[in-house]
Amino acid sequence: MTQTQKALRLGTRRSKLAMAQSGHVADAVRQLTGRDVELVEITTYGDTSREHLAQIGGTGVFVTALRDALLRGDVDFAVHSLKDLPTSQPEDLALAAIPRREDPRDVLIGRDGMTLAELTEAAQGGTVRIGTGSPRRMAQLNACAHHRGLRLETVPIRGNIDTRIGFVRNGELDAVVLAAAGLNRIGRADEVTEYLDPDHVLPAPGQGALAIECTAADAELAATLAELDDPLTRVAVTAERSLLAALEAGCSAPVGALADVLADEQVVKEMRLRGVVGATDGSELVQLSTTGPVPTTQDQAEALGRELADEMLAKGAAGLMGERAH
């Protein structure tokens with residue numbers, strides 16, 4: 001039958017990172033199905049706008065054009081960075097697979113290969129300028145600076161990985177903070193000067209994970225793609241995103257979350273969920289964690305996130321998020 005020979009069309013953003021991520025998924029789908037997979041490049045509003053993400057609606061702006069292409073039938077499935085997806089899932093689209101997660105941590109790329117401590121020392125009492133487009137990173141870096149008595153200035157930046165690292169290379173900034181996963185996927189992990197400990201800087205909910213989406217009506221494709229799903233990654237990011245949703249925070253709010261499994265000699269025992277909300281100037285943070293049995297269902301994972309969010313709200317988290325405070 002000719003139908004089985006037809007290439008599957010994978011919708012992807014055009015950035016180097018998105019193309020690399022989608023390329024990995026395309027290879028996995030080719031192996032799984034024996035069918036050819038072609039990448040269909042789609043430009044999103046988030047790629048063309050030069051405004052800061054918080055002003056144009058958060059990271060969801062990267063997702064809309066891909067979802068529209070899916071619903072129009074221009075592509076068969078799409079690959080997103082999971083942290084870009086709004087927390088509510090449209091009924092006509094299926095989140096068919098969340099593959100095994102890459103390193104979820106944030107990293108620092110400092111000038112002359114220096115860590116944050118080394119940059120501070122080299123500044124000799126002056127201010128260290130760190131670039132990031134994320135209110136979440138700003139809140140935690142500034143809080144860290146307050147706590148340690150460091151003089152940091154967080155500078156809002158936009159642009160792809162090359163652009164951001166360029167600010168350091170040309171001397172405009174002392175360092176930039178990026179996601180480890182993105183650098184790993186494009187083969188540039190050797191440029192990292194420091195991995196930021198999640199105890200000090202929690203990543204964005206879902207950071208390091210990919211989402212593979214198709215239309216809910218295409219049950220056959222959804223079932224095929226589901227073979228790429230990693231159940232542990234799925235429950236972890238579901239808990240993180242449930243926390244984000246329960247805080248009623250948008251993608252651009254200063255919220256960090258990480259669910260990780262605690263293992264004893266390779267046997268997974270429990271899941272720990274950590275969450276943080278902070279004022280972007282670092283003056284105030286609400287940071288809590290909870291540990292419990294590893295969720296085995298979506299409902300259990302969502303409940304874990306909601307419970308921690310409720311505790312955070314009770315500690316004053318609402319006042320630290322612009323979206324909810326209005």
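Confidence in this predicted model averages a pLDDT of 89 over the protein, with 90% of the residues at 70 or more. The spread is uneven along the chain: strand β5 (residues 106-110) comes out highest, at 98, while helix α11 (residues 322-325) sits at the bottom with a mean of 44. Another stretch to read with care is residues 52-59, where the pLDDT falls below 50. Even so, the model gives residues 52-59 a total of 20 contacts beyond near neighbours in sequence.

As for the overall fold, the protein is built from 11 helices and 13 strands. Of its 326 residues, 53% are buried. Contacts that reach far along the chain make up much of the picture: taking pairs at least 6 apart in sequence, 71% of the contacts link residues at least 24 apart.

Turning to the outside, the protein shows about 14800 Å² of exposed surface, and 48% of that comes from carbon and sulfur atoms. One nonpolar patch on this surface covers about 190 Å² and is put together from Leu 232, Val 261 and Val 268. Leu 232 belongs to helix α9, which runs over residues 231-246. Is Leu 232 best called buried, exposed or something in between? Its relative accessibility is 36%, so Leu 232 counts as partly exposed, given that buried means under 20% and exposed means over 50%. Patch membership itself calls for over 30% relative accessible area, and Leu 232, at 36%, is over that cut-off.

Note on methods: Residues are numbered from 1 along each chain as its sequence is written. This is a predicted model: local features need pLDDT of at least 70, side-chain atom pairs count only at pLDDT 80 or more; totals for chains, interfaces and linings use all residues. Side-chain values use heavy atoms; hydrogens and water are left out. Patches are made of residues with over 30% relative accessible area and no salt bridge: like charges are joined within 9 Å, nonpolar side chains (Val, Leu, Ile, Met, Phe, Trp, Tyr) within 5 Å. Accessible areas come from the Shrake-Rupley method with a 1.4 Å probe; for residues, only the protein chains shown count as cover. A salt bridge is a side-chain nitrogen of Lys or Arg within 4 Å of a carboxyl oxygen of Asp or Glu. Helices (H or I, at least four residues) and strands (E, at least two) are DSSP runs, numbered from the N terminus. Buried means under 20% relative accessible area, exposed over 50%, partly exposed in between (1.4 Å probe, protein chains only). pLDDT is the predictor's confidence in each residue, from 0 to 100. Contact means heavy atoms within 4.5 Å.
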